[in-house]
Amino acid sequence: MSIAVTGATGQLGRLVVEDLLRRGVAAPDIIATGRSTDRLAELAERGVQVRQADFTDATGLTEAFKGARKVLLVSTTTVGERFDNHTRAIDAAARAGAELIAYTSTLNAHTASMILADAHARTERYLRDSGVPGVVLRNGWYLENYTSQIPLYLRSGVVPGSAGAGRVSAASRRDYAEAAATVLTTEGHAGSVYELGGDTAFSLAELATALSAATGQEVVYGDLPAERFRAALLDAGLPAELAEVLADSDLGLKRGELFTDSSGLSRLIGRPTTTLTDALTGALGS
């Protein structure tokens, strides 16, 4: 049984490959794909099949997925190109004979109005109509979205955002990777849609409070109108499209679109999800 993982050069995809190996999947039965295969050299040395996959190249994608019984389609990053990339990958997996496609979507994709949700919802529908059995992993926000910003928060003393009192069900990339690996290595998931998020949601004000407690430095949440938050992101050097998406996502957070009371993630991984406190402690200790 071969399993293909797209985006293995990225953080989530690489963690999935590592978890498959940890679970005892034989290295030759894993196909790690990415645009730059030189970044997968270490996996190749460990016996993992490494194949080049460019989401703009339909023929190349079919070759990359050849022999894979299951394919994990990790959503691509460029928002404006995402849906077309995904449809090419789904079609390629179907041509290659895949028996299951697992797709990493976003939390509440069927109801959310965030910019990010549109391409995910369209991809889910395309997968459903593709004729290949599918499973949808609606991943919530990453804890790393916040822990990666700790130096900025500490310098300014402020966690900026436009989320109001909205609560986010964030979990670690490793949590989501383990969930994907579970789906890829066990049966009975075809046709399922999993809403995946952390066991304990938090507001950005609670994030600031937790960071203050972890560091002994006062940090507060600064709630901004979305346009001011977007401008602040641009001033920090973010590309315009990313700044727009992040500001819009905070509005989605405020509306409850990044919250779930499902315990689907902890059930799939067989343990509690990573807590905010543990994520902060780990980031501060690294």
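These legends accompany close-up views of a predicted model.

**View 1. Helix α8 is mostly covered.** Let's start with α8, which runs over residues 173–185 and has 13 residues. From its first C-alpha to its last, α8 reaches 18 Å, close to the 18 Å expected at 1.5 Å a residue. Eleven of the 13 residues in α8 are buried. They include charged residues such as Arg173, Asp175 and Glu178, and also Tyr176, Ala177, Val183 and Leu184.

**View 2. Phe83 and Tyr126 meet edge-to-face.** The structure holds three aromatic pairs, and this view shows one of them, Phe83 with Tyr126. Their ring centres are 6.2 Å apart, with 90° between the planes. The pair links distant parts of the chain, as Phe83 belongs to helix α4 (residues 82–95) and Tyr126 to helix α5 (residues 115–128), 43 residues apart. How covered is each partner? Phe83 counts as buried because its relative accessibility is 16%, below the 20% cut-off. Tyr126, with a relative accessible area of 29%, is partly exposed.

**View 3. Tyr142 and Tyr176 form a tilted pair.** Here the two rings lie 5.7 Å centre to centre, with 55° between their planes. Tyr142 sits in the loop between β6 (134–139) and α6 (144–147), while Tyr176 is in helix α8. These two residues are 34 residues apart, so you can follow this pair as another link between distant parts of the chain. Both Tyr142 and Tyr176 are buried.

**View 4. Arg122 places its charged end over a ring.** Look again at Phe83, the partner of Tyr126 in View 2. The charged end of Arg122 sits over the Phe83 ring, 4.0 Å from its centre.

**View 5. The largest nonpolar core has 36 residues.** In soluble globular proteins, nonpolar side chains tend to be buried together. Within this core, the residues with the most contacts are Val16, Val17, Leu20, Leu72 and Leu196. Which element gives the most to this core? That is α8, with seven residues. Other elements that give two or more residues include β1 (3–5), α1 (11–22), β2 (30–34) and β5 (100–106), as well as β6, β9 (193–196) and α12 (264–269).

**View 6. Val17 touches several residues.** Leaving aside residues up to four places away in sequence, Val17 touches Val5, Ala8, Ile30, Ala32 and Leu43.

**View 7. Another core lies apart from the largest one.** This core has 28 residues, among them Ala112, Met114, Ile150 and Leu276.

Definitions and conventions. Residues are numbered from 1 along each chain as its sequence is written. This is a predicted model: local features need pLDDT of at least 70, side-chain atom pairs count only at pLDDT 80 or more; totals for chains, interfaces and linings use all residues. Side-chain values use heavy atoms; hydrogens and water are left out. Helices (H or I, at least four residues) and strands (E, at least two) are DSSP runs, numbered from the N terminus. The expected span of a helix is 1.5 Å times one less than its number of residues. Buried means under 20% relative accessible area, exposed over 50%, partly exposed in between (1.4 Å probe, protein chains only). Rings of Phe, Tyr and Trp (its six-membered ring) pair if their centres lie within 6.5 Å; planes under 30 degrees apart count as stacked, over 60 as edge-to-face and the rest as tilted. A charge sits over a ring if NZ of Lys or CZ of Arg is within 6 Å of the ring centre and within 35 degrees of the ring normal. A nonpolar core is a set of buried Ala, Val, Leu, Ile, Met, Phe, Trp, Tyr and Cys residues joined through side-chain atoms within 4.5 Å. Contact means heavy atoms within 4.5 Å.
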